[in-house]
Amino acid sequence: MTKNTIIAPTKPKLAFELVRPQIRKVEAQIREQVEAFDPEVAPYIDYICKTSGKRIRPALAILTGGALTGQPNSEHIKVGVILELIHMASLVHDDIIDGADTRRDEVTPNARWGNGLAVLLGDALFAHAMTMATDFNSIEICKEVGNASRAVCQGEIRQTQARFDLKLTKDSYFEIIGMKTGALFATATKLAAKVSGADEATQKSLYDAGMTLGTAYQIYDDCLDLVGDENDAGKTLRTDLERGKLTLPLLHILEQADRKQVKVLQSRINEDQFLDLDFMESISPFPPAIHYSVEHGLKLIAEVRQSLDVLPTSKFKDALLSIPDSLEEMLRRCLI
């Protein structure tokens, strides 16, 4: 199978250059949260908080706030910090479940200190994010943050339950990634709108924009795992197959496979035999499945742009739109 040279998700230059000062404040505030923990616990939290990430969720909150108010403020930054802490907590738990030893070239907490301590560290970060949400003195904001945290955890539970489940439907897949990935994107844009004083209709449109963007982002990641190049992606690929995660391209392949092919696959799973690209290619070719997934992702990106129409014209809106623009380009490069 021929692979394209596919890059990993990058930070859209316009989006991140415009709010680089605010992103630096997010980074600083994340590090400052270590001080809230017991001195015996703080070094562990500090290790997690020092890991760098793409900071897409904070960027969404800051850019949305800037588009609505003319200039991002401290409340938009705080929203970004809270959601990034939730995201970091979820990654700690993800690495435990996946048995991952490294993330972004750093040893994972579970590999460094064991699963038991890593679980508690993830829990501590979740709890701390909830505590930070009370700084807004708003039950509604606390509820939104709580709902987002619950969605992320439920998405992970459902994905874990669905591993190697050949009866998983595309509808269930979209529900799972909506929880795991879409929820935090959607909460970033909605809460930024809420603290900016936007009306309910605007909040709803921006929630939809975030949810749809997060879903499209996950579809891209699913395609990248199958057809990307590890040197360009900067991470280990082909792991979804090994871990039994049935992503959109794989579900599409199963839809096209006949009963005999599905039976062979089921037998292989039941016997704990290794799944790899060559085997999956013997059931059904990848190119049509990747093409289907990319086309679906592109449709979602068009919906993102439509939902963002609610924002007034500004440099912040233009920067926000550069995120789906960049994702569209990366999706198209997945076509093989």
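Helices here are DSSP runs of H or I, at least four residues, numbered from the N terminus; keep that in mind, as Thr187 is found in helix H9. One more thing before you start clicking: this is a predicted model.

**Stop 1: the whole chain**

Show everything as a cartoon. You should be able to pick out 17 helices and two strands. The radius of gyration is 20 Å, close to the 20 Å that the globule rule gives for 336 residues, so the protein is as compact as a globular protein of that length. Line the view up with the principal axes and the C-alpha atoms fill a box of roughly 60 × 50 × 35 Å.

Colour by accessibility next: 55% of the 336 residues count as buried. If you draw contacts between residues at least 6 apart in sequence, 76% of them join residues at least 24 apart.

**Stop 2: H4 against H9**

Now select residues 56–69, which is helix H4, and residues 170–195, which is helix H9. For a pair like this, the things to look at are the angle between the axes and the distance between the axes. How do the two run relative to each other, and at what angle do they cross? Their axes come within 8 Å and cross at roughly 25°. That makes H4 roughly parallel to H9, since angles under 35 degrees count that way. The crossing of H4 past H9 is right-handed.

Turn on side chains to see who meets whom. From H4, pick Ile56, Arg57, Leu60, Ala61, Thr64, Gly65 and Leu68. Across from them in H9 are Leu184, Phe185, Ala188, Thr189, Ala192 and Ala193. Sorted by class, this contact has nine nonpolar, three polar and one charged residues.

**Stop 3: Thr187**

Stay on H9 and select Thr187. Buried or exposed? Thr187 has a relative accessible area of 5%, so it is buried. Leaving out residues up to four places away in sequence, Thr187 touches Leu83, Glu144, Ala148 and Ala192. You have already met Ala192, one of the H9 residues in the contact with H4.

**Stop 4: Ala15**

Jump to helix H1, residues 13–18, and click on Ala15. Ala15 counts as buried, because its relative accessibility is 0%. Which residues does Ala15 touch, not counting those up to four places away in sequence? Light up Leu63, Ala319, Ser322 and Ile323.

To finish, draw a C-alpha to C-alpha distance from Ala15 to Arg243: your viewer should give 34 Å in space, for a pair 228 residues apart in sequence.

Definitions and conventions: Residues are numbered from 1 along each chain as its sequence is written. This is a predicted model: local features need pLDDT of at least 70, side-chain atom pairs count only at pLDDT 80 or more; totals for chains, interfaces and linings use all residues. Side-chain values use heavy atoms; hydrogens and water are left out. Axes are lines fitted to C-alpha atoms, for helices over the stretch in contact, and angles run from 0 to 180 degrees between N-to-C directions. Angles under 35 degrees count as roughly parallel, over 145 as roughly antiparallel, 65 to 115 as roughly perpendicular and the rest as oblique. A crossing is left-handed if the near helix is turned anticlockwise from the far one by less than a right angle, and right-handed if clockwise. Contact means heavy atoms within 4.5 Å. Ala, Val, Leu, Ile, Met, Phe, Trp, Tyr, Cys and Pro count as nonpolar, Asp, Glu, Lys and Arg as charged, and the others, Gly among them, as polar. The radius of gyration is taken over C-alpha atoms; the globule rule is 2.2 Å times the number of residues to the power 0.38. Buried means under 20% relative accessible area, exposed over 50%, partly exposed in between (1.4 Å probe, protein chains only).
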